[in-house]
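This report describes selected features of one protein model, from its nonpolar interior to its charged pairs. The sequence and the structure are shown first.

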Amino acid sequence: MRLTFHPGPFDVLCSENPDVVRKTVRDLEIHGEIMDLMDLERSPYNCINIHCNGTKGGKQAAMDRFCQNFHLLSDSVKSRLTVENDDKASMYSVKDLVYIHETIGIPIVFDYHHHQFCTGDISEYNALSLAAWTWPKGIVPIVHYSESKA
C-alpha cells in the first residue's frame with residue numbers, strides 16, 4: 001500500500017502574501033509530521049502533492065516564488081513534495097512545471113483529466129512521458145486518472 005497526501009487549494013507556495021505562504025508552510029509541515037510519525041519513507045514514494053496555485057505577476061514569477069519558498073520547508077516536506085498539472089488553460093501544464101522540476105528537483109504528478117484542459121500544446125502521451133521522466137529511478141510515478149460525465 002502506498003500512502004500519499006494531496007493538501008487543498010488553499011496551500012499556495014507561490015503566493016505574494018507572506019501570511020498565505022506562512023500558513024501553507026505550516027499546513028505542509030503538518031502533513032510531513034504525520035508521515036514521519038507513521039515512519040513513512042522520506043521520498044516522493046509517499047508524496048505530498050500540491051498545485052502551483054497562482055499566476056499573480058505572471059507564471060514565471062509565480063514559479064520562481066514557488067521555488068524560493070520551497071526552501072522554507074523542512075527536509076521532511078521537501079523530500080516528499082510533488083507538483084501537479086492544472087485543469088485551467090491559464091494555469092500550469094506539465095510542460096510549464098518542468099521549470100520547477102529543473103530548479104528544485106521535485107517530481108511532477110500527471111493528472112490525465114487536468115491535461116484535457118491545460119495541454120501546454122503537447123500530447124497526452126508526451127505530457128505523461130515528461131512527468132514520468134521527473135521521478136527518481138526506482139519510484140513508480142504517481143498518475144491521477146479520472147473522467148467527467150459525458
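A residue counts as exposed when its relative accessible area is over 50%, as buried when that area is under 20%, and as partly exposed in between. Asp121, at 76% relative accessibility, is therefore classed as exposed. The model discussed here is a predicted one.

**Two residues with positive phi**

Asp121 is placed in the loop between α5 (112–115) and α6. Its phi is near 60°, a positive value in a residue other than glycine. Asn53 is likewise a residue other than glycine with positive phi, here near 65°. Asn53 is found in the loop between β1 and α2.

**The nonpolar interior**

In soluble globular proteins, nonpolar side chains tend to be buried together. In this model the largest nonpolar core has 33 residues, and those with the most contacts inside it are Phe66, Leu73, Leu81, Ile100 and Ile106. Two or more residues come to this core from each of the elements α1 (18–37), β1 (48–51), α2 (59–70), β2 (81–84), α4 (94–104), β3 and α6 (124–133). Ile100 illustrates these contacts: beyond residues up to four places away in sequence, Ile100 touches Cys52, Met63, Phe66, Cys67, Val83, Gly105 and Ile106. A second core, separate from this one, consists of five residues, among them Cys47, Val109, Trp135 and Ile142.

His101 is located in helix α4. Its relative accessibility is 14%, so His101 counts as buried. The side chain of His101 reaches the backbone oxygen of Ile106 at 3.0 Å. Apart from neighbours within four places in sequence, His101 is in contact with Ile106, Pro107, Ile108, Trp133 and Thr134.

**A buried acidic residue**

What does the side chain of Asp111 reach, given that Asp111 is buried yet has no salt bridge? Asp111 lies in strand β3 (residues 108–111), and the nearest side chain of opposite charge, Lys88, is 12 Å away. The side chain of Asp111 instead reaches backbone nitrogens: that of His113 at 3.0 Å and that of His114 at 2.8 Å. Setting aside residues up to four places away in sequence, Asp111 touches Glu84, Asn85 and His144.

**Cysteines**

A disulfide is a covalent bond between the sulfur atoms of two cysteines. How many disulfides does the structure hold? The structure holds zero. The sulfur of Cys14 is 4.2 Å from the closest cysteine sulfur, in Cys52, and this is too far for a bond. For Cys47 the closest cysteine sulfur is also in Cys52, at 16 Å, and is too far for a bond. Cys14 is buried, with a relative accessible area of 1%, and Cys47 counts as buried at 1% relative accessibility.

**Salt bridges**

The count of salt bridges comes to nine. Three of the pairs are set out below, including their N to O distances.

| Acidic residue | Basic residue | N to O distance |
|---|---|---|
| Asp36 | Arg80 | 3.0 Å |
| Asp75 | Lys78 | 3.9 Å |
| Asp87 | Lys88 | 4.0 Å |

Asp36 lies in helix α1 and Arg80 in the loop between α3 (75–78) and β2, so their salt bridge ties together parts that are 44 residues apart in sequence. Asp36 is partly exposed, with a relative accessible area of 28%, whereas Arg80 is buried, with a relative accessible area of 0%.

Asp75 and Lys78 are three residues apart in helix α3 and are therefore separated by about one helical turn. Asp75 is exposed, with a relative accessible area of 53%, while Lys78 is partly exposed at 24%. Asp87, the partner of Lys88, is partly exposed, with a relative accessible area of 36%. In addition, salt bridges that share partners join Glu16, Lys56 and Arg65 into one network.

**Pro141**

Pro141 is placed in the loop between α6 and β4 (143–144), and at 30% relative accessibility Pro141 counts as partly exposed. Not counting residues up to four places away in sequence, Pro141 touches Arg2, Ala132 and Trp135. Pro141 and Arg65 are 76 residues apart along the chain, and their C-alpha atoms are separated by 25 Å.

Terms used
Residues are numbered from 1 along each chain as its sequence is written. This is a predicted model: local features need pLDDT of at least 70, side-chain atom pairs count only at pLDDT 80 or more; totals for chains, interfaces and linings use all residues. Side-chain values use heavy atoms; hydrogens and water are left out. Helices (H or I, at least four residues) and strands (E, at least two) are DSSP runs, numbered from the N terminus. Buried means under 20% relative accessible area, exposed over 50%, partly exposed in between (1.4 Å probe, protein chains only). Lys and Arg count as positive and Asp and Glu as negative; His and the chain ends are not counted. A polar contact is a pair of N or O atoms within 3.5 Å; within protein, one must be able to donate a hydrogen and the other to accept it, and residues adjacent in sequence count only if both atoms are side-chain atoms. Contact means heavy atoms within 4.5 Å. A nonpolar core is a set of buried Ala, Val, Leu, Ile, Met, Phe, Trp, Tyr and Cys residues joined through side-chain atoms within 4.5 Å. A disulfide is a pair of cysteine sulfur atoms within 2.5 Å.
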